[in-house]
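Biologist: Got a minute to go through a model with me? I'd like to talk about helix packing and then a sheet.

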Amino acid sequence: MNVRDLHPNIKLRLGVGFVQRLLGIMLMPLMVIHLAALYGAAAAGVLTMVVAAAGIASNFLGGHLADVHGRKPLMVAGEVGAALTFGLLALANSPWWQSGPVTFVLFLLNTCLASAATPAADAMMIDVSTPETRTLVYTINYWSINLAFTAGALIGGFFYGEHFTLLLTAAALLSAVTALVVRWWIAESAPESAKEQAAGVAAMLRGYLAVSRDRVFLRLVGAAILTRAVEVQIGYYIAVRLADEFPEQALAGLERWFPAVDGVAMLGILRAVNTALVVVFALFTGSMFRRLPDRVRLYAGIAVFTAGYMVLAVSNSGWILIAGAVVFTLGDHERAGQAGHPGRPRRPGRPHQVPGRLRPGAAPRPARRLAVRDRGGVPVPGRHEPALRGRRSRRHPRLPLPAAAARGPPGRRRAGPRRRGPEPAGRRARPERSHVMTHPRTAGRLLMVMPYEQLVRKAVEAGFRVWSVWDPKLRPAAYLDQVAAHSEELLLTDFEDEAALRALVARAAREHRVDHVLHLGSERSMAPVVAEAEALGLSPNTAASVRLLNDKHAMRALLNAAGVSVVRVREAAGLAEVEPVLAEFGLPAVVKPTNSAGSRGVALVRTAADLAEWAERVKAAGIEGPFIVEEFLRGPEFSVETLSVGGAHQVVGITAKQTSGPPGFVETGHVHPAPLDPADAQAIRSTVTALLDLSGFAFGPAHTEVILTPAGPRVVESQARLGGDRIPLLVEVATGFDLEAAIFRGLAGEDVRAPAAHRYASVGFFRLPAGRLESVEGVDALKALDHVHAVHFPYGPGDVLPLTTDSGTRHGYAVVDAPSPAEAADRIAAAHAALRARTTPIPKEAL
């Protein structure tokens, strides 16, 4: 990755940002000094507080407006406003006209406009960058910040006295140029999921109220405010003090370059020294102090940082002030490096991170062997276990191992050498691995129930330590080996035994001191896990909110009571009650289980024969009810993928669904993003987010299916999990956004936003004639095509292809990308034609 490969918005934004920072660092401290000269230090302090408070309020408002109206309008308004206010400031401080009140009002307006535009500019950088490019982007941004700090401080310091009007005029011209650049060359980048948010003060306050529920975040904000209160004094109190008290003097040894330095020039030198040393310390102090514990470095950095600022607050000696700048910069560097300082330039290659997150380039910790447990949670003998108290640690091999610990407690075996030969029945060996992505600083500890392999891997990549729980009946041993390879420990139990499942969750959560319990798998085992996690205080969602989404009857009752997506519905407790309910309800109607997925047990009933065929099918599938009977909704079908963090819901995308139609409505394909009229897309987004709000769902992915009827969108069903049918892959192909990884990035505190799609992605499912497969061709040829992203056909000659009656009995799929929905459909059709399979019929009972 190099600069040429970056999005054009990023390159232009870096240039515009450099100019903005240059002007800010050059002029803002001078404005405070100027107000002090006009009104005195005390009055200037009050006026500066008013400006700062207005800037904070504008920043909050700008963050909301950037989501509602997009990034570009706010950025243009900010640059145009800066050009106008700087120009008028130059006029109000010119030889022809000087006005203190006008200067203050214009300073206030300039600060408000700049503060309102800042969130939009920062969000644009996130919108058009990817995790792969952000290291490069923030490295460039880092050097740009430091160059702007150095140049702005020196220019402002040495030109303030006799050239203040000229500085303001130059600032107006530069702002006008950047306004033209933003207007004509920077493209809008706000994703549709951001623009869907409601406008108005109430909506803004609700959004910030959701953020305020994060106590860790609030503590970080409080610490940052206190630190910032000290840090900004170099541009406020210290700036005014030096302008008033610092005697003009020559710096010994630098007389040739600085024959006479006044207070304002000294301020510029101090800021330039600070910025230059940040770069130097970033290159060397990491290796100098890396042996010290993080907490020691943090507290020592705070102490040194404070001492340096104390010097700047009282001294009037040039060299002593420079020494103080060196001291507080060193302390600031160590403090920021350990605490994730939000307000200073970052070290090269390190974008701002949530404390405790993986630092780019950090060495992975040594791999550790994992325990595999049987269904009751008891360790399988012969497997290696994570280090426990009193046991030998793989990280600290010299730790003495007491004899009692070597024997281990009753029911446990000490970690020993790998068992050779076949594994005893009912026990599974953990596969060897050459490395594992683990980190010395973790985002937290997760207990994940029914986690798919890629979810565990992506959680670990996000910095979490993961303990996994699976039912060995549900996946082959080879798949569970893959889960174990990324987990700290794999625990096995029977998901149908709810009491045992809850007991294992509680025991594992306490034993491993986990921070969160997540269930992102099938709905069938989700309810007991979320209920237990809520009882432990470890669930990001309430059990009630998850039930309101997963239970189709509860969801329908919730929506109907709120007057949202109203659909006629009746419940039937068992199979025998469906027929009398239908007789009263009227035909046609849709019948389906209240707790099921993948089109299992769903049918459109138009006649008594349809009802009999459906009843036979659900009996064969072992579905006992309860069931619901709903009115038949006519219109195209869509699925909506959302990601909720802190109660705020982001619509990641809308996918168009293709089905086999009645009676079974088996999904045959999807295309993302759905080709929709903007008004229809907005109506669907609003309906889905209303459902999530009504349910109280707070965190995680949700998959909601919607039919766009002539009367508007109607929710069909929703689940508190990721969508199936490779929809997350379609989102990633079309947008570059990894929805699965975003779950854990959001849980770790990152701001995750889905960008707009730049192409289309489609999946088509193979539905071949049922029977014994004699031969198959074309799979390898399909995989070799550039526009094909995935092909799955898990059958070979001699296998039996089942009759397709639901999502679980389809025969495979192909995922493609295309520049348009029509071309995507053509490529899926070509994939179907390329798979040449020959089957022979067999008796129905053998299928």
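Modeller: Here is a chat about one helix pair and one sheet.
This is a predicted model, where local features need pLDDT of at least 70, side-chain atom pairs count only at pLDDT 80 or more, and totals for chains, interfaces and linings use all residues. Residues are numbered from 1 along each chain as its sequence is written, and side-chain values use heavy atoms, with hydrogens and water left out.

Biologist: OK, at what angle do α1 and α4 cross?

Modeller: Roughly 155°, with the axes of α1 (residues 8–39) and α4 (residues 100–128) coming within 11 Å. Helices here are DSSP runs of H or I, at least four residues, and strands are runs of E, at least two, numbered from the N terminus. Axes are lines fitted to C-alpha atoms, for helices over the stretch in contact, and angles run from 0 to 180 degrees between N-to-C directions. That makes α1 roughly antiparallel to α4 (the label for angles over 145 degrees).

Biologist: Which residues of α1 meet α4?

Modeller: Among them are I10, L14, M28 and L35, and the α4 side includes F104, F107 and M125; contact means heavy atoms within 4.5 Å.

Biologist: Switching to the sheet: what's the strand order?

Modeller: It's an open sheet of four strands, β6-β9-β7-β8, with antiparallel pairing. Two strands pair if DSSP finds at least two bridges between them.

Biologist: And how many bridges join β7 and β9?

Modeller: Five, between residues 589–593 and 627–631. One bridge partner pair is V590 with E630 in β9.

Biologist: Which strands does α20 lie across?

Modeller: α20 (residues 575–585) lies across β6, β7, β8 and β9, at about 155° to β6.

Definitions and conventions. Angles under 35 degrees count as roughly parallel, over 145 as roughly antiparallel, 65 to 115 as roughly perpendicular and the rest as oblique.
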